[in-house]
Amino acid sequence: MSAPPIMLDRFHLWFKNRKWKPFAFQEELLQLYFEGYSGLLNAPTGSGKTYALGLPLLLDALFKFQNGKVKRGIKAIWITPIRALAPEIEVSLRNAANELGLDWRIENRTGDTSAKDRAKQKKSPPEVLVTTPESIHVLMAQKGYADFFAGLECIIVDEWHELLSTKRGVQVELALSRLKSIAPGLRVWGISATIGNLDQAAEVLLGEDPPRFKIVTADIQKKLQMETILPNEIERYPWAGHLGLKLIQKIIPIIENSRSTLVFTNTRGQAEIWYQQLLAAHPDWAGQMALHHGSLSAETRVWVESALHEGRLKLVVCTSSLDLGVDFRPVETVIQIGSPKGVSRFAQRAGRSGHQPGAVSKIYLLPTNALELIEAAALKEALKEKLYESRIPVIRAFDVLIQYLVTLAVSDGFYPAQIFKEVKQTFCYQSINESEWSQLLAFITTGGETLRAYEEYAKVEIVDGLYKVNNKRIAMQHRLSIGTISSESSMMVSYRNGRRIGNIEEYFISRLKIGDVFSFSGKNLELLMIRGMQVFVQNTSKKSSMIPSWNGGRMPLSSQVSALLRKKLDLYVDGDITDIEMETLVPLLELQRERSAIPHEHELLIEKYHSKEGYHLLFYPFEGRLAHEGMAMLFAYRMTKLKPATFSISMNDYGFELLTDQPLDFDALINDDLFDTKNLSDDIFGSTNYTEIAKRRFRDIAAIAGLIFKGFPGKMQKTRHLQANSGLFYEVFNDYDKNNLLLKQALEEALYFQLEEMRLRKALNRMAAQDKLMMEIERPSPFSFPLLVDRMREKLSNESVEERVKKMIREMEAS
Amino acid sequence: MLKEFIQHTLKSEELYLVPERALWWAASKTLILSDLHLGKATHFNKHGMALPNLHSHKDLELICILAEGLEAERLLILGDVFHSSYNTEFQLLNSLAKRLCTQQIEIVQGNHDILDQKYYADAGLILHTTPLIEGPFIFVHDVKELKNVNHDLYPISGHIHPGIRLYGKGRQSLRLPCFYFGERYAVLPAYGSLTGLHTVRHESDQDKIYGIAGEKIAMIPNTFKSPK
């Protein structure tokens, strides 16, 4: 049925009352919704996307209401990846409902919702629930969840591009697979910013055999303008580093002249430092500036967001925590510290400014080291050409599936045949086979393989074919562990009166003594005492140089930007310098040419260098740090196949370094076999380092699959005798249960996600065909410098432990 | 068998460090080890976290091989024998006791040893609930438990699962389980397979640390300073 004229009138009236005009895509969505379509809306933040789907939903309800076809209960679920956004969406929808005269309860439900409100929602559900992927699963862990969701008509998944390439996205896929069975005819709509693989995004969301669906693109063109902050004297600008403080004076006038500015950094530690330095440079900004990142308490973050919204802040230093969500209309300017590594993220951040219709989104890029100027030039072109990155969906995440199965077992229990059918329809698990499925069932019922159960294992029981958790404690433990976001073991930091400041990783705190001063949340804090997992502090005027670091994955340079970077260098070699960034870099690039060389696109630069530390071999494929890690492991393995040796490696987005303590005949070793993609995975599996990477992946997998329990909330101590080190688990599985699915998953994830196997393979093929530009360097070249000074090293070895220890001890004794 | 061992003389007593993470006190024919954490995997299984526990069998088998090979008269375990409350893995201790019927098995209680004493008694194991004084040594689980001790006694302890970090050229680094012989006390490496490492360092020139690299034991030079 197309939208009834009366509802179409209401639609236009609503816009008129708001003094707005509907966009064409908003009208299109109204029609599609009434016709029962599912689909994907491609629209940027701040384009009215909430109303684009909210209004059809509400008008459809109003129409049914007027025709007397109403039952109470949940009608729609709005999923948002960030729980802080839920209240915002709730208010927008509620206002619209009120204006339309629809008497609907619209509420949010997230980890922040009180137990009282949750109980109320369970007894008498609202019509619309704004929630997160985790909370949906928590609801599915409740008894009678099927009745609870039975009247569901629509699910809207906001910011789907953010969820797509994560395990939280898989949680959405699984929830949808179940809800489609419970509520036949369910419409599913996603909302996504522009990414390179929109069609696939729709495919993943809607699953196999989708209902009628359509991808709708918002007809809004936002103007983006980018400017790079250029150092005055490139010769004196650091060759390596991630801070960029030398350029602080250059952004102060920009901030002064803008009503409100967002300064984005890539890490939380960087944000803390920049906040302090900006305050020191401009003390009168105190009170008008704020800090925002994911480790600060929710109260602080909410306060900053609303102050920003109301235009009360001149400046906010933030991380990706402000990438999404709320429209900050007063923000006029965005400054990005350090390369954003990808075009999509850069465009997203730029879009945080210039929300007024017709306004230009302006973003400044401050390079934190000289070479980032090449990235700046590449990014500028990528923005112009709209070369947005793809988000690769997660597949075969057994850990999430195990968690999901236990969730179903905790609530009402499940029959495997039905659930297997549903799960197979999802994109993530379309390739799962019967044998894997039975292994999963065995895992949750007997622990180990089908033939050999683990002793005293208690989890899911089978009664008359129904898989069910009957043990109350295990059910409770599971409900508390639902989710896929891993967190380092973090400690809560608060004042003596209990007011929370935020969270810091245990590792950082463990290195402090009582009375030590550290900077956090933009303040200098003195450590008073530690009680369990809680840290008490007080403000102090004492200075500190200690700033916590948080372990967050650094994103690799995207392949789009990488390719452009190689192109920029190619143009440079031939004297074609048009970008101001490249022009600024001339002195440094000439030094690179003098000490070594600059590669054309058809060349691969390799540098050899001998220092006190040993023999360095440097490759510059310009392919992003993750693929470089894979290459380094592969090359080290292949070079040492004949002769045992130990390498320590460092890598960045431009290249990687292999460093060894013994002279090797590099010229002979660098041959066609080195770049061969045959036996690629076998050779990578052969590298000892691979185990380390798999172990790291296993840590999250073990937590998601419920192998590790983080403890009951509010309990000061971790649950007694259940503390565990996932690394040990990994070894135990490796020794005694090699076919374990989670172990297999860790190995696969390490290859596909950690080392970006697809990209690695492509790069190797390219490199094999390239001319090798072998340069012996006397002094470090500008390209090599950041690699040579990197202290965060991985080691690669195929020497025996005994051998290595002997050597190390000999060296230690000699020194 | 002894030639794989490293000799370390302490208070005129000849001690041998065994790469299987144990200590051989020749004069008293005692094999000393610490921190078995038996039952850990099964404890996790009981709480719905699936782990294989076959390593426990291997761990105990190795104890038997050592004890029999050395013709030990006694096995002394410095605490954390059993990880938590009772589970079926305790049967392994029973069978260990049966197999080593000519040897006496003694345990100095550790913080993880919360089982009722009767379990140990039934298995024929001797449980010391206070530190054990013998010869020039005092055997204790956690050296921090000791207060007002006679300073002529040298404590030998477990509890912390010590590990040592080595650094080499090419900025390599490596962490090994280790024996720590300090000025004031000694710490043995954790014996159990399902135990982690806590990094220790030389605290004075008198400290001696032996790292376990696979099947070899090596004294770690004290001159070493970690690069900053």
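This is a short dialogue on reading the fold of a predicted model.

Colleague: Start with the whole chain. How many helices and strands does chain A have?

Modeller: Chain A has 31 helices and 26 strands. Keep in mind that the model is predicted.

Colleague: How do I judge whether chain A is as compact as a globular protein of its length, or less so?

Modeller: Compare the radius of gyration with the globule rule. For chain A the radius is 28 Å, close to the 28 Å the rule gives for 815 residues, so the chain is as compact as a globular protein of that length. Along the principal axes, the C-alpha atoms fill a box of roughly 85 × 70 × 60 Å.

Colleague: What share of the residues in chain A is buried?

Modeller: Buried residues account for 47% of the 815. Sequence separation of contacts is another thing to read. Take the contacts in chain A between residues at least 6 apart in sequence: 76% of them join residues at least 24 apart.

Colleague: Now a sheet. What holds strands together?

Modeller: Strands of a sheet pair through backbone hydrogen bonds, either parallel or antiparallel. Here, one open sheet has six strands with parallel pairing, in the order β8-β13-β12-β9-β11-β10 of chain A. Its edge strands are β8 (223–228) and β10 (289–292), each pairing on one side only. Neighbouring strands are turned by 20° against each other on average, direction ignored.

Colleague: Zoom in on one pair. How many bridges join β9 to β11 in chain A?

Modeller: Four bridges join β9 (residues 261–264) to β11 (residues 315–318), and the two strands run parallel. Within this pairing, Thr261(A) stands opposite Leu315(A) of β11(A).

Colleague: Which strands does helix α12 of chain A lie across?

Modeller: Helix α12 (residues 268–281) lies across β9, β10, β11 and β12 (333–337), at about 150° to β11(A). Helix α14(A) packs on the sheet too, touching β8, β9, β12 and β13 (360–366). The direction of α14(A) makes about 145° with that of β12(A).

Colleague: Last, a single helix. What span is expected for α21 of chain A, at 1.5 Å a residue?

Modeller: The expected span is 21 Å, and α21 (residues 559–573) is close to that. Its 15 residues reach 21 Å from first C-alpha to last.

Colleague: Which residues of α21(A) are buried, and what covers them?

Modeller: The buried ones include Val561(A), Leu564(A), Leu565(A), Leu569(A) and Tyr572(A). Polar and charged names appear as well, among them Gln560(A), Arg566(A) and Lys568(A). The cover includes α14 (343–350), α15 (372–385), α22 (580–595) and α29 (757–769) of chain A. So α14(A) appears twice in this tour: it touches strands of the sheet, and it helps cover α21(A).

Colleague: What phi does Gly575(A) take, just after α21(A)?

Modeller: Gly575(A) takes a positive phi of about 85°.

Methods:
Residues numbered from 1 in each chain as written. Chains lettered and ligands numbered in written order. Predicted model: local features only at pLDDT ≥ 70, side-chain atom pairs only at ≥ 80, totals over all residues. Expected span 1.5 Å × (residues − 1). Buried ≥ 20, exposed ≤ 12 C-beta atoms within 10 Å, placed from the backbone. Contact = placed C-beta atoms within 7 Å. Rg over C-alpha atoms; globule rule 2.2 N^0.38 Å. Pairing = 2+ DSSP bridges. Axes fitted to C-alpha atoms, helices over the stretch in contact; angles between N-to-C directions.
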